[in-house]
Amino acid sequence: MKLYNKNTLQMKKHNFNAGPSILPREVIENTAKAILDFEDSGLSLMEISHRAKNFQPVVDEAVALFKELLQIPEGYSVLFLGGGASLEFCMVPFNFLEKKAAYLNSGVWAKKAMKEAKGFGEVVEVASSAEANYTYIPKDYTVPADADYFHITSNNTIYGTELKEDLDVHVPMVADMSSDIFSRPIDVSKYICIYGGAQKNLAPSGVTFVIVKDDAVGKVSRYIPSMLSYQTHIDGASMFNTPPVVPIYAALQTLRWLKAQGGVKEMERRAIEKSDMLYAEIDRNKLFVGTAVKEDRSRMNICFVMAPEFAELEADFLKFATEKGMVGIKGHRSVGGFRASCYNAMPKESVQALIDCMQEFEKLH
Ligand SMILES: *Cc1c(COP(=O)(O)O)cnc(C)c1O
């Protein structure tokens with residue numbers, strides 16, 4: 001099947017978009033096929049019931065692969081919902097915050113999550129790196145022992161900082177893993193809830209994954225509207241209402257791809273390799289400097305700016321790199337400079353192409 005016009009004159013694009021972002025080619029092709037003809041049914045994936053006999057196995061396999069790839073212990077449910085990570089900012093406190101919750105303020109997404117929680121109870125900001133424009137992840141803090149949960153953002157997509165290991169705290173954790181899910185093994189047993197928008201590492205936008213500990217739900221005394229209650233979606237196995245069918249199908253293709261590639265250990269190995277390559281060039285090249293402190297550097301979102309003495313070259317480099325096929329490397333407006341998002345599907349060759357670009361540009365100056 002011909003999916004798009006292969007114009008041989010069109011240059012290869014290296015997709016560093018922060019989100020929605022790069023997906024494996026076969027994920028896009030398989031999803032495109034299913035949109036034209038879902039499993040030889042003569043119908044499009046877009047025009048069948050989510051309760052169709054041939055769609056239920058899609059959800060079941062996606063849940064099973066989630067559990068297998070992340071080694072999710074017994075007693076957890078995997079949900080596919082709508083609303084994005086932003087709706088989880090509100091669902092988390094709705095479902096888990098009875099009196100007090102602790103939040104680590106490591107970036108704008110963390111801050112937004114905290115803002116929503118304030119409507120439901122006492123919110124303790126254990127630490128913040130806002131004063132340094134979130135260039136590091138705070139480390140010395142204590143989490144109140146009586147907090148219902150401790151909320152973290154494992155990867156700060158905008159600032160390029162990442163918690164690359166699970167923390168050790170004495171309170172159950174909740175994590176926004178929108179932008180680093182499946183990029184390393186995680187100890188799910190430390191969390192009562194892990195959630196994320198799919199559009200960075202898993203699928204097109206429109207589906208939100210939630211891993212939730214079943215017995216952590218149902219402990220708050222407030223009324224929770226059905227659609228916002230995790231219990232509803234656990235009971236309904238993500239079919240309480242019509243779920244985002246096409247993004248779930250695409251997520252399944254990514255999960256199969258992840259497994260075939262060797263799973264999260266292999267993704268971690270690749271993420272280390274790719275990010276080490278790019279950070280080495282940033283540190284070596286006289287034109288550029290990284291923005292995040294070294295120990296907290298993200299493997300997923302690599303942020304850098306022009307060195308102060310070359311500041312006026314920023315627009316030139318963007319133009320130079322764009323002409324060589326780099327896409328989406330302009331930094332977020334709150335950091336400036338450049339951000340190269342190197343998610344699971346990003347091939348090493350694209351990272352190398354960006355490095356080549358940086359070296360060629362350096363020779364010109
Ligand atoms: C992109 C992003 C979000 C927002 O996700 P939506 O699905 O658009 O609501 C939240 N948290 C993090 C860490 C993100 O990268």
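**Helix packing, a ligand site and two backbone details**

Helices H1 and H6 are oblique to each other; the term covers whatever is left once angles under 35 degrees (roughly parallel), over 145 (roughly antiparallel) and 65 to 115 (roughly perpendicular) are taken out. The model is predicted, so local features need pLDDT of at least 70 and side-chain atom pairs count only at pLDDT 80 or more, while totals for chains, interfaces and linings use all residues. Residues are numbered from 1 along each chain as its sequence is written, and side-chain values use heavy atoms, with hydrogens and water left out.

Two packed helices are described by the angle between their axes and the distance between the axes. For H1 and H6 (residues 245-261), these are about 140° and 9 Å. Axes are lines fitted to C-alpha atoms, for helices over the stretch in contact, and angles between N-to-C directions run from 0 to 180 degrees. Helices (H or I, at least four residues) and strands (E, at least two) are DSSP runs numbered from the N terminus. H1 and H6 cross in a right-handed sense, meaning that the near helix is turned clockwise from the far one by less than a right angle, whereas an anticlockwise turn would be left-handed. From H1, the contact (heavy atoms within 4.5 Å) takes in Glu26, Val27, Asn30, Thr31, Ala34 and Ile35, and from H6 it takes in Val246, Tyr249, Ala250, Gln253, Thr254 and Trp257. By class, these are 7 nonpolar, 4 polar and 1 charged, where Ala, Val, Leu, Ile, Met, Phe, Trp, Tyr, Cys and Pro count as nonpolar, Asp, Glu, Lys and Arg as charged, and the others, Gly among them, as polar.

Before H1 (25-36), the loop that follows strand S1 (14-15) holds Pro20. The peptide bond from Gly19 to Pro20 is cis, with omega near -10°. Further along, Gln71 sits in the loop between helix H2 (56-69) and strand S2 (76-81), and its phi is positive, near 50°. Most residues other than glycine have a negative phi, and most peptide bonds are trans.

Helix H3 (residues 84-96) and helix H4 (residues 108-117) have axes that come within 8 Å and cross at roughly 40°. That pair is therefore oblique as well, and H3 passes H4 in a right-handed crossing. H3 contributes Ser86, Phe89, Cys90 and Pro93, which meet Trp109, Lys112, Ala113, Glu116 and Ala117 of H4. The contact has 6 nonpolar, 1 polar and 2 charged residues.

Ser86 also appears at the ligand, where 14 residues lie around the molecule and Ser86, Thr157, Asp176, Gln199 and Lys200 come nearest; a residue is near if one of its heavy atoms lies within 4 Å. A polar side-chain atom of Asp176 is 2.6 Å from a ligand nitrogen atom. Ligand oxygen atoms are approached by a polar side-chain atom of Gln199, at 2.9 Å, and by a backbone N or O atom of Ala85, at 3.0 Å.

Helix H8 (residues 314-323) packs on helix H9 (residues 348-363) at about 130°, with the axes 10 Å apart. H8 and H9 are therefore oblique to each other, and H8 passes H9 in a right-handed crossing. Asp316, Phe317, Phe320 and Ala321 of H8 meet Leu354, Cys357, Met358, Glu360 and Phe361 of H9. This contact holds 7 nonpolar, no polar and 2 charged residues.

Terms used: A polar contact is a pair of N or O atoms within 3.5 Å; within protein, one must be able to donate a hydrogen and the other to accept it, and residues adjacent in sequence count only if both atoms are side-chain atoms.
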